[in-house]
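Q: Got a minute to go through this one with me? I'd like to talk helices first, then rings.

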Amino acid sequence: MALPMDNFLLLSVVNTKLRDYYINLDALCDELDEDKSNIISRLASVGYSYDETVNQFV
């Protein structure tokens, strides 16, 4: 699955997938063969960071 190019759409897709399907960001990245650091960087650029305790970007 290709992740959206728009960072706010990426936020929505990733948080939905984390909520509904994956126990953590590592599992999502492994299953989708995505670069974790790229996702973290892109979402940091719009003010979000991954919170392991809630398994969401906040």
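A: Sure, and keep in mind that this is a predicted model. Starting with H2, its buried residues are Leu25, Leu28, Cys29 and Leu32.

Q: How are those buried residues of H2 arranged around the axis?
A: Looking down the axis of H2, they fall within an arc of 95°, so they line one face of the helix.

Q: Why would residues spaced like that point the same way?
A: An α-helix has 3.6 residues a turn, so residues three or four places apart point the same way.

Q: And what's exposed on the other side of H2?
A: Asp30 and Glu31 are exposed there.

Q: What covers the buried residues of H2?
A: The cover includes H1, H3, E1 and E2.

Q: OK, ends of H2. What happens at the start?
A: A side-chain oxygen of Asn24 comes to within 3.1 Å of the backbone nitrogen of Asp26. Just after H2, Asp33 has a positive phi of about 55°.

Q: Switching to H1. What does its span look like against the expected one?
A: H1 runs over residues 7-20, and those 14 residues reach 20 Å from first C-alpha to last, close to the 20 Å expected.

Q: Which residues of H1 are buried?
A: Asn7, Leu10, Leu11, Val14, Asn15, Lys17 and Leu18. They cover an arc of only 160° around the axis, which puts them on the same side of H1.

Q: What sits on the face turned away from that buried side?
A: That face of H1 carries the exposed residues Leu9 and Arg19.

Q: And what covers the buried side of H1?
A: Helix H2 (25-32), helix H3 (36-44), strand E1 (50-51) and strand E2 (56-57) are among what covers the buried residues of H1.

Q: Which side chain reaches in at the start of H1?
A: Asp6 does: one of its side-chain oxygens reaches to within 2.9 Å of the backbone nitrogen of Phe8.

Q: Now the rings. How many aromatic pairs are there?
A: The count comes to 2 aromatic pairs. In one of them, the ring centres of Tyr21 and Tyr22 are 6.5 Å apart with planes at 65°, so that pair is edge-to-face.

Q: Are those two tyrosines, Tyr21 and Tyr22, buried or exposed?
A: Tyr21 counts as exposed at 62% relative accessibility, whereas Tyr22 counts as buried at 14%.

Q: What about Tyr50 and Phe57?
A: Their ring centres are 5.4 Å apart and the planes sit at 50°, so this pair is tilted. Phe57 is buried, with a relative accessible area of 3%.

Notes:
Residues numbered from 1 in each chain as written. Predicted model: local features only at pLDDT ≥ 70, side-chain atom pairs only at ≥ 80, totals over all residues. Heavy atoms only, no water. Helix = DSSP H or I, 4+ residues; strand = E, 2+ residues; numbered from the N terminus. Expected span 1.5 Å × (residues − 1). Buried < 20%, exposed > 50% of the residue type's maximum accessible area, 1.4 Å probe, protein only. Arc of directions from axis to C-beta. Contact = heavy atoms within 4.5 Å. Polar contact = N/O pair within 3.5 Å; in protein donor to acceptor, adjacent residues only side chain to side chain. Phe/Tyr/Trp six-rings, centres within 6.5 Å; stacked < 30°, edge-to-face > 60°.
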